[in-house]
Amino acid sequence: RAATRRFRTGSGRRTFQRDSKDLNVNRSHSPVVCVSECRRFGVEIPEAVVEKILRYCSDSVQVETGGILIGYYNPEHTRAIVAEATGPPADSTRLPRRFIRGVQGLQQLLDRLWNRQRLYYLGEWHFHPDSSSLPSQQDLREMLKISRNRLTECPEPLLVIIGGEPDANWSMSVSVQSAKQVIPLAKSSTAAVAGSESSWTA
């Protein structure tokens, strides 16, 4: 994998749509560390970033929302560390069952974080209110487009989805789009996730 994946917002808006499913899970703010079954892909999402995403979801109420994930890879390029999650850009479209992530202000933010901290685009996150955190077919199509878009310079983007009710019962799924394959990530058995009561969907 390349160490630096800088995102070009000029590549266009991203459309996400969800399938309707019910959830019944409990809330948690625990840090998330997860890996793929093949152990090639890993991700670490600090507690503060998870809480920030949940606040965006809570503020969104019954419409979808989302943003981008920004961070870096470890020296071995086996784990992506998410350092920041943005909210929805001002030009985003947010509907009960659809989210089109806009681009306004993202390039300036990414340029600033790259220059100051060497952070770069890692992928996308979005919210499925009162529904499953599993990606829909539309979600998967959009991630495939991102992985194939040379302007994003991110052939293996992350997708984080929060499903359910962020102030009560919610679940999270994390996956990586690699070439033509979607790779689900699961909580690592060695991760520090004591006290977690949320549902994890692989």
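Arg39 is exposed in this predicted model, because its relative accessible area of 55% lies over the 50% cut-off for that class. The residue sits in the loop that runs between strand E2 (32-35) and strand E3 (42-45), and its backbone has a positive phi of about 70 degrees although Arg39 is not a glycine. Most residues other than glycine have a negative phi. Seen as part of the hairpin of E2 and E3, Arg39 belongs to a connection with six residues between the strands.

From this loop it is natural to step back into the strands themselves. E2 and E3 run antiparallel and are joined by four bridges, and within this pairing Val43 of E3 is the bridge partner of Cys34. E2 also pairs with strand E11 (residues 181-187), again in the antiparallel sense, over two bridges, and here the bridge partner of Cys34 is Lys187. Cys34 thus has a bridge partner in E3 and another in E11.

The side chains of E2 can be followed residue by residue. In a regular strand the side chains alternate between the two faces of the sheet. In E2, Val32 and Cys34 point one way while Val33 and Val35 point the other way, and all of these residues are buried. For Cys34 the relative accessible area is 0%, and the residue is therefore classed as buried, the cut-off being under 20%.

A second cysteine, Cys57, is likewise buried, because its relative accessibility is 0%. How many disulfides does the model contain? The count comes to zero, under a rule that asks for a pair of cysteine sulfur atoms within 2.5 Å.

Cys57 leads on to helix H1 (residues 47-60), where it is one of the buried residues, together with Val49, Val50, Ile53, Leu54 and Ser60. Seen down the axis of H1, the buried residues fall within an arc of 135 degrees, so they line one face of the helix. Ala48 and Asp59, on the other side of H1, are exposed. The length of the helix can be checked as well: at 1.5 Å a residue its 14 residues should span 20 Å, and because its end C-alpha atoms are 20 Å apart, the two values agree. Directly after the helix comes Val61, with a positive phi near 60 degrees.

Further along the chain, Leu134 is found in the loop between strand E8 (120-129) and helix H3, and this leucine counts as partly exposed because its relative accessibility is 32%. Although Leu134 and Gly163 are 29 residues apart in sequence, their C-alpha atoms are 7.8 Å apart in space.

Helix H3 (137-148) follows that loop. It has 12 residues and reaches 17 Å from its first C-alpha to its last, which is close to the 16 Å expected at 1.5 Å a residue. Its buried residues are Gln138, Asp139, Glu142, Met143, Ile146 and Ser147.

Beyond H3, the loop that leads to strand E9 (158-164) holds Glu153. Like Arg39, Glu153 is not a glycine and yet has a positive phi, in its case about 50 degrees. Is Glu153 exposed, partly exposed or buried? Glu153 counts as partly exposed, because its relative accessibility of 35% lies between the cut-offs of 20% and 50%.

Terms used:
Residues numbered from 1 in each chain as written. Predicted model: local features only at pLDDT ≥ 70, side-chain atom pairs only at ≥ 80, totals over all residues. Heavy atoms only, no water. Buried < 20%, exposed > 50% of the residue type's maximum accessible area, 1.4 Å probe, protein only. Expected span 1.5 Å × (residues − 1). Arc of directions from axis to C-beta. Pairing = 2+ DSSP bridges.
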